Amino acid sequence: MKRQIPFVLVFIFGAFMVFQYFIPHESSEWVYEFLLDWIIIIGIFALALGIWSLLRVSLDKIKNKKENYIYSYLILFGLFGEIIFGFTAFNGNGESWGFYLPFVACALLAIIMIIHTIISTGKKTTFAALAGVFILLSVLISIFDNSWSFHFSSAEGVQNPMFRSFFDHILIPVLSTMFALLAFFIASAAYRAFRARNLLATLLLVAALIVMMRFNPWVAVIYGDYGAKLSNWLMNVPNLAAQRAIVIGIGLGIVATALKIILGIERGYMGKG
Amino acid sequence: MKKTAIIVTAVVMGLFILSWVLKANAVSATAESNYILRGFLVTIAAFLTLSVLSFLYKDNPFYKFAEHLFVGVSAAFWMCLGFWSTIVGNLIPRVSEGLSNTFKVPYIGGDWGNVLGLDIMNVVFVFPIIFGIMLIMRLSSNYGWISRWPLALIVGTTAGLNFVRYLQSDFIQQVSSTFVPLLGNNWTGFGDFFSNLSLDASGQLVLMLANWVIFIGVFCGLIYFFFSKEHTGAFGKASRVGIWILMITFGASFGYTVMGRISLLVGRITFLFKDWLEIIS
Amino acid sequence: MNNFLLISLSDIGVIISLIVIFGGLLWLFVRSIKAKEVDRRIIFIFIFVAVAAPILFPITFQESATEVVKGVYNKIENLPAGSRILISFDFDPAMAPEVQPMANAISAHALEKGHKIIFMSLWATGQALLSQTLETVIIPQFPEKEEFVDYVNIGYKAGNEGVLNVIVADFRQMFPTDVNSVPLDSMPIFYNLKSCKDLDMIVSIGGGKPGPKEWVLFVGDPGNIPMGVGVAAVVAPQLYPYYPKQVVGILGGVKGAAEYESELVKNYQKFEDMETPGLRMMGPQTLAHIVIMSFIIIGNVIFFRSRRKDGTK
Amino acid sequence: MKLKTVIFICLLLLATISVSAQEGAEIVPETDTTEQMPPPAPISLLTAVDTDNDNGHSVTLTWELSPDDRQGAKSVMSYEIFRWVPLMRDTVEQVRSELANTGQELEVGDPTGEIKEKRNRLRDEYEGLLSRYSDAYGQYPNNGVWKSVGVSPSGSTTFADKGSKEREAFDYLPDYCDFYYQVFAVTSDAGIRTGSEIFGPVHSYGQWFNTGRIPIFVAVLFFSFLTIYFVQRAKKGDDLYVRPLAGIEAVDDAIGRATEMGKPILYVLGLGTASDVATIASFTILGRVAKKVAEYQTALIVPTYDPIVMTVAQEVVKSAYIDAGRPDDFKEDTVHFVTQSQFAYVAAVNGTMLRELPATNIYMGKFFAESLLLAETGAVAGSIQIAGTDEIAQIPFFIVACDYTLIGEELYAASAYLGREPVLLGSLKAQDWAKAALVILGIAGLVAANLGWTDFTDLFHVIN
């Protein structure tokens with residue numbers, strides 16, 4: 001029973017999605033549209049699952065003082081800092097910040113202390129007392145400072161300049177620099193792997209060189225337009241053919257797997273390998 | 001060993017503070033408010049950029065610092081956006097009038113009428129919440145199995161969508177695109193063909209060649225992907241041609257990609273030079 | 001595609017950095033004949049210098065547009081004024097240096113031709129970049145264009161392909177309002193515009209998933225709407241199978257952006273002095289490509305020399 | 001303050017639009033004119049039918065061109081299409097716009113609940129009106145006017161009067177109502193025009209089958225038949241050959257190598273979700289690898305990106321250990337969640353590679369830009385690397401940086417090949433037959449295209 005119901009569900013929803021494609025009637029469209037909405041909404045709950053796992057892994061490291069556990073505090077700071085920014089808003093015109101940043105600091109420390117109270121084995125009372133102090137401080141600030149406010153009631157938190165600042169000055173630099181590392185790695189991979197060991201490797205190497213040539217101004221001087229034309233031809237003709245062959249293959253593979261899933265032939269994804 | 005680490009950390013901290021002060025000073029000159037904060041933010045962005053770049057040398061504490069901070073902030077960022085845009089923006093207006101008022105979003109439930117005193121839209125959109133909660137039940141060891149239901153919903157729906165969609169886009173469409181005239185699009189006879197022979201990209205010969213290469217490439221490529229037949233004889237030869245064409249393509253795409261990766265590095269270095277050091281305009 | 005180098009001889013910085021790069025490469029080449037492998041960190045340093053030097057001391061190149069790029073350009077050029085174009089920003093800050101110049105150039109071109117633009121994004125992180133384009137390109141360059149009439153920003157919606165599935169049939173179901181909660185029904189630009197099928201053209205700019213490919217599969221192709229795409233170089237080859245049937249043209253990577261910009265600068269007086277980040281980025285590109293190609297050659301020299309050594313032993 | 005301004009502007013715009021719409025729309029066309037120029041000849045054979053293959057709410061008109069279409073002095077420049085609408089439509093539209101306005105007012109705030117009450121009242125009224133709509137249309141030609149619904153350029157002989165299916169949209173077009181149409185041939189002087197004969201009544205309604213998609217329907221049936229047929233045959237015990245895949249053969253050797261070296265195996269599932277086909281294929285391969293690993297008692301590390309993928313992978317590995325007869329050796333943290341952020345995930349996996357120095361790295365699933373970051377770091381760590389992905393853009397990087405790579409569809413085939421389960425092999429056989437059919441169709445289509453038989457190539461034309 002426990003095992004069968006999910007496969008029945010898979011069949012029902014899968015078969016519906018196949019049939020609705022052929023049914024233009026609005027009742028079919030209606031169901032189709034809200035099913036898609038459902039999936040988007042369920043996805044958000046999965047995100048909560050992810051955050052929970054992240055927290056659990058970090059707390060586990062801190063609790064057991066595993067290697068590099070000190071860095072797990074950074075995860076906690078980043079996580080809760082950004083959440084606080086995302087749910088509070090700044091009322092002022094950007095001139096006066098009041099005690100907003102001290103509040104954030106107190107709230108963050110309070111959260112960390114609460115977590116410590118929960119996970120620590122000894123010194124529970126010390127952590128609890130510290131947590132109390134920081135909670136009190138942040139409550140006091142939130143009562144007496146009018147330059148900012150909680151915005152549990154509207155999406156203004158996302159417009160909070162600090163929320164955006166964290167995005168602009170922490171997320172973006174790390175993300176785009178990680179990505180930029182690829183410029184270095186692509187060079188070292190080319191150096192290491194592009195060696196004419198056999199026919200296939202040579203084909204790979206020559207094609208790569210031809211395409212990269214179009215950036216070489218001296219090649220353009222010697223061969224005129226033909227270098228660039230050859231590289232475009234490579235990208236447009238053999239590339240198109242190979243892409244199409246792969247796309248058709250992958251398409252068929254996906255279609256076959258989808259069919260197997262709908263019919264309950266493929267069951268590996270439910271955890272029985 | 002320990003001593004060097006302390007010295008390096010101290011130097012980096014010193015540089016960080018120096019950059020912060022100088023940057024704040026530079027910002028304050030442009031009469032922007034909160035210059036201390038702005039100076040800090042630009043400095044931390046530069047610091048994180050350099051920290052990640054230091055990974056090229058080897059794994060080190062600065063890299064770990066950037067990485068862990070990044071993990072925390074990104075998780076929270078996605079969560080906040082998902083909450084405001086999907087839960088508040090899409091779900092709440094459809095299920096609860098009270099919550100809609102609290103979150104100041106227009107309540108759109110009730111548009112589909114009532115059945116047995118229940119609002120249809122409310123009922124329909126309560127299901128994803130139930131499924132979402134079932135998904136979270138995964139955390140429970142006793143009721144974890146129930147999380148398979150929403151998984152079944154997601155997998156089943158996507159499978160159904162994929163089934164017809166890929167059949168159309170990647171199969172029927174791609175096949176019909178392969179129906180190309182092998183003699184080129186405006187064939188005017190052999191006499192004309194040989195008298196106007198040129199290597200020009202829009203010339204008849206090149207167009208014809210392109211169509212032939214596409215035709216042979218697609219079919220040899222497909223033959224390479226035959227799994228249930230031994231690749232011997234003519235079949236094996238065709239499959240060889242197939243893998244050659246695949247390799248040429250992979251080499252070409254690799255070479256093509258270099259450009260994009262360099263651009264990303266340009267972006268980062270420009271940031272360092274322009275926004276942080278201000279040595280270029 | 002006539003690239004030729006326009007180095008002003010007075011530029012000492014350029015000369016020095018070129019000497020450093022090519023001298024270093026020569027030295028490595030000599031070493032390679034003795035079959036000595038190069039440490040990856042040395043390659044990293046070369047790449048860094050090759051990219052950083054042209055940023056400090058600009059080197060410029062000339063560009064002219066190729067057919068695939070012209071496909072997008074001509075489509076925008078030939079649409080009757082007042083056509084409605086949707087431009088979707090499907091990228092994140094990491095990809096932005098590569099594709100945002102295209103987004104800027106295409107938006108500017110479309111507005112200049114008198115088209116109306118609907119901006120949106122399938123990536124949460126794209127929304128900030130979208131506002132950036134509005135604030136730094138559209139508003140300063142086209143002060144006479146009115147929001148809600150000539151362009152509108154309807155922002156980001158979560159749901160990836162799900163969003164596309166919905167808007168191909170009905171816009172308002174996914175986007176009842178624009179980014180500032182102004183209802184679409186109140187905007188002249190959305191008058192009589194129900195779904196994507198009522199658009200005259202869609203331009204998707206991106207490089208990941210969901211991105212241009214999903215737009216083609218889920219919207220452009222089923223809705224039979226002309227699609228132009230601007231993509232990061234890495235995914236450009238993937239879109240070629242859809243050209244020219246399902247997409248009118250492709251801008252691939254920064255080179256595509258540079259070509260589009262050069263076409264704009266050439267044909268429009270208004271754009272003569274505009275910022276051309278795409279063109280500017282070609283200097284580092286060229287040097288870095290040469291460095292990588294040199295390393296491939298060096299690697300092969302090492303390979304053949306060492307094989308010979310092994311053979312003689 | 002800012003919000004108020006915006007709303008004010010919006011209301012203003014809305015008002016302008018509705019006013020202009022009313023001005024422009026409901027003109028009873030004047031057919032007789034006192035100009036010297038004679039009116040053009042009317043169009044002929046006007047017919048209107050429900051638009052095919054849609055959800056209703058649309059009527060398609062066809063006609064024969066006016067003889068004066070772009071001809072001569074009284075040249076017809078365009079055709080204006082009119083539909084008869086009952087007078088009640090004004091009331092409907094008024095209630096509708098009031099209803100829409102209350103929606104906007106609600107956004108500003110509704111402290112007393114007054115607006116909400118008004119909205120409910122309006123909605124009841126609106127629904128009541130709509131229920132009488134059909135009757136009102138049925139009263140033709142009494143109590144109604146002709147309303148312009150669109151203009152079609154000269155030379156065109158069809159027009160789709162398409163409305164919205166949303167009941168509260170401004171262009172809602174009800175189904176199953178008697179519609180009457182008239183088409184005017186209009187000259188360059190908008191006043192000089194000639195109306196056609198009136199056509200009606202016609203209904204719009206939704207269809208239950210999209211005939212334009214028959215080719216796909218046939219493909220669905222064909223493919224399902226093939227799959228079921230070969231799966232049945234495989235179940236009966238037919239021996240099905242699968243050609244060896246170098247990448248998969250290498251997996252067993254790599255596990256052996258890791259055992260000899262006493263180093264772990266790193267299995268990366270990629271960034272896919274549990275519904276991605278590549279990830280689903282990867283689960284099957286993971287099951288095989290885990291079983292071998294359990295038999296050899298080697299260590300396995302599976303960092304995951306997606307929480308759902310993590311839980312599934314845990315169960316897959318667990319059952320593999322049970323199958324291998326070593327359930328006690330299974331540890332929960334073999335499979336662990338890292339984070340749901342692409343580059344942070346990569347950073348963590350890269351760290352693992354440099355610290356644990358695994359003998360073998362296996363990358364199977366969906367990979368994006370991180371493919372090369374992972375594979376290069378793995379190469380630095382000196383591991384044997386086997387990769388497989390269906391993400392076409394990333395295949396070149398794996399080919400360059402890894403020792404073995406499964407290209408695209410090979411990844412799906414590998415799961416069948418490794419599993420050796422007859423049903424999976426059967427479906428692989430079906431895939432090959434579909435491919436063969438495709439090659440034959442392709443060649444036939446090519447011949448047809450070259451001989452100019454468009455009838456055949458049109459068979460593959462899918463109407464959307």
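Trainee: How many residues does the contact between chain C and chain B take from each chain?

Mentor: Contact here means heavy atoms within 4.5 Å. By that rule, chain B gives 37 residues and chain C gives 42 residues.

Trainee: What pLDDT do local features need in this predicted model?

Mentor: Residues are numbered from 1 along each chain as its sequence is written, chains are lettered from A and ligands numbered from 1 in written order, and side-chain values use heavy atoms, with hydrogens and water left out. The model is predicted, so totals for chains, interfaces and linings use all residues, side-chain atom pairs count only at pLDDT 80 or more, and local features need pLDDT of at least 70.

Trainee: How much area do chain C and chain B bury between them?

Mentor: The size of an interface is often given as the accessible area lost when the parts come together. Buried area is what two parts lose on being put together, with a 1.4 Å probe, summed over both. Of this area, 66% lies on carbon and sulfur atoms. The total is about 3,200 Å².

Trainee: Which helix gives the largest share of the side of chain C that touches chain B?

Mentor: Helices are DSSP runs of H or I, at least four residues long, and strands are runs of E, at least two long, numbered from the N terminus. Several helices of chain C supply at least two residues each, including α2 (40-56), α4 (96-112) and α12 (282-312). The largest share is eight residues, and it comes from α2(C).

Trainee: How many salt bridges are counted between chain C and chain B?

Mentor: A salt bridge needs a side-chain nitrogen of Lys or Arg within 4 Å of a carboxyl oxygen of Asp or Glu. Between chain C and chain B the count is zero.

Trainee: Which residue of chain A pairs with C:Glu37 in a salt bridge?

Mentor: Side chains of opposite charge can pair when their charged atoms come close. C:Glu37 sits in the loop between α1 (12-33) and α2 of chain C, and its partner sits in the loop between α7 (161-193) and α8 (199-213) of chain A. The closest N and O atoms are 3.0 Å apart, and the partner is A:Arg195.

Trainee: How much area do chain B and chain A bury between them?

Mentor: Here 117 residues of chain B touch 114 residues of chain A. Carbon and sulfur atoms carry 83% of the buried area. The total is about 11,000 Å².

Trainee: Which residue of chain A meets B:Arg94 in a salt bridge?

Mentor: The rule finds one salt bridge across the interface of chain B and chain A. The N to O distance is 3.3 Å, and the partner of B:Arg94 is A:Asp37.

Trainee: Which helix supplies the largest share of the side of chain B that touches chain A?

Mentor: Helices that each supply at least two residues include α3 (61-95), α6 (148-177) and α9 (233-276) of chain B. The largest share is 26 residues, from α3(B).

Trainee: Why do β1 and β5 of chain D each have one side without a neighbour in the sheet?

Mentor: Two strands pair if DSSP finds at least two bridges between them. In chain D, three strands form an open, antiparallel sheet in the order β1-β2-β5. β1 (44-50) and β5 (158-162) stand at the edges, so each has a single partner strand.

Trainee: Which residue of β5(D) is the bridge partner of D:Leu61?

Mentor: Strand β2 (residues 58-64) of chain D pairs with β5(D) over five bridges, in the antiparallel sense. The bridge partner of D:Leu61 is D:Phe159.
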